[in-house]
Every structure is written in C-alpha cells, then in structure tokens.
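Q: Could you take a close look at one part of this structure with me, and show how it fits in with what's around it? I'd like one connected walk-through, please.

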Amino acid sequence: MGEWPISAQRKILGSADSYQLFDFKKYTSLSEKDKKIMQLQVIHQGMLDIASDYNWSREPLETAYQTCLMSDLTFKKQIKKRKLSHNRKQYLSLWAYCDLYHFKISWTVSDKKGEIVKQGTLLTEQPSYIDTWCSLNFRWIDDEHFIVESNYKGLISDTWEVDISNGAVLATCWF
C-alpha cells in the first residue's frame, strides 16, 4: 500500500480547508465594526479559495459578500411566510434582525394592502442567539392573538402568546 504524499489534497464530501493569514495584533486594535469586516474578509477569501479548488462559481459568493457590506453587517430576514388571520383581513409576519450588538425578533400585522397596522417586539437578546430564528413557528389563535413557538435544538421549548390589541406578550418556557 502506498502512502499519501504530504502535498496531496484529499477532497472529502461536506468539508473543505482553506488557510488564511490573520493579523491578530491588528485585529485587537480595531473597532468592533472593523473587526467584523476583517472577519468577513477572511471568510470571503477562504470561500473564494475553496470555490477555486472545487470549480464552483464565484458569483454567488461575491453577491453574498457585497450584500453583507451593503447591509452594514446587519441581518434582517422574514421568518417563514406571513400568515393570514381567521377573519382574512390581516397578515402576521415575524422578522429576525441582528446587528453587532443585538438580536431581535419583531412582529408586524398588516392589512391586505401591505400597510402595517400594528407591530411589536417579541424578544431582544445578544447576537449569539441568532440561530434561534430558524426554530420558530407561529400561528393565529384568533383575530387578536397569535402564538410563537420555539423548539431550539430540541432542548428548550419556548412559547409566546401575543395580544395585538395592546401588544402584551405572555411568555412561557419549558425545559
């Protein structure tokens, strides 16, 4: 049996390596925003290197990079599709928002024309909680109340009930 040459690059489905130089001394002297930009640049260059290794198109990576820069490193995304109320007069939407300092889930109720009628905040946390948005489901209870449920990594189940008439949030948590 032959040995793998040290310089041989093995391609393993589902993983790839890229080695980038990172100036930690410079990094520690930067502002928070510039640190995030430096991280983004290193990740982007690594992805470009991997794309080159695997003959992937660079266009989606360039688009994603420019989108990050244009959004001022802020993530804002609608969570799932909006839901029509029982009376078929209003839509409920949930939004995830994350910047350098905050992660927030907000809700909006809009009429059929798309005009926002009511809105509020469901929760505000540290940015490290950003992956919780993927585990959220929501539904109308009646025309004035909706419920949001989370099953985060199967460990914690959270439920929030919201009364849109006054924006009151009743949160319960089961471990």
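A: Let's start at Asp72, which follows helix α3 and has a positive phi, near 60 degrees. Keep in mind that this is a predicted model. The helix itself, α3, covers residues 59-70, and its twelve residues should span 16 Å at 1.5 Å a residue; the end C-alpha atoms are 16 Å apart, so the two agree.

Now for the part to zoom in on: strand β3. An open sheet of four strands is laid out in the order β1-β2-β3-β4, with antiparallel pairing. β1 (75-84) and β4 (116-125) each have a single partner strand, so each of these edge strands has one side without a neighbour in the sheet. Neighbouring strands here are turned by 20 degrees against each other on average, ignoring direction. As a bit of background, strands of a sheet pair through backbone hydrogen bonds, either parallel or antiparallel.

Look at one neighbour of β3 to begin with. Strand β2 (residues 90-98) runs antiparallel to β3 (residues 103-111), and nine bridges join them. You can pick out individual pairs: Tyr97 has Lys104 as its bridge partner, while Ser93 is matched with Thr108. Getting from β2 to β3 takes a hairpin with four residues in it.

On to the other neighbour. β3 and β4 also pair in the antiparallel sense, over eight bridges. Here Thr108 shows up again, standing opposite Gln119 in β4. This pair is a hairpin too, with four residues in between, and Gly114 in the turn has a positive phi of about 95 degrees.

So is β3 mostly covered or mostly open? It's mostly covered: seven of its nine residues are buried. That ties in with the largest nonpolar core, which has 20 residues; Ile105, Trp107, Phe146 and Val148 have the most contacts inside it. β3 has company there, as β2, β3, β4, β5 (136-142), β6 (145-152) and β7 (156-163) each supply at least two residues of this core.

Trp107 is a good one to click on. Leaving out residues up to four places away in sequence, its contacts include Leu92, Ser93 and Leu94, along with Gln119, Leu122, Phe146 and Val162.

What about disulfides? A search of the whole structure finds zero of them. Among the cysteines, Cys68 counts as partly exposed because its relative accessibility is 31%, whereas Cys134, at 52%, counts as exposed.

Key:
Residues numbered from 1 in each chain as written. Predicted model: local features only at pLDDT ≥ 70, side-chain atom pairs only at ≥ 80, totals over all residues. Heavy atoms only, no water. Pairing = 2+ DSSP bridges. Axes fitted to C-alpha atoms, helices over the stretch in contact; angles between N-to-C directions. Expected span 1.5 Å × (residues − 1). Core = buried A, V, L, I, M, F, W, Y, C linked by side-chain atoms within 4.5 Å. Buried < 20%, exposed > 50% of the residue type's maximum accessible area, 1.4 Å probe, protein only. Contact = heavy atoms within 4.5 Å. Disulfide = S-S within 2.5 Å.
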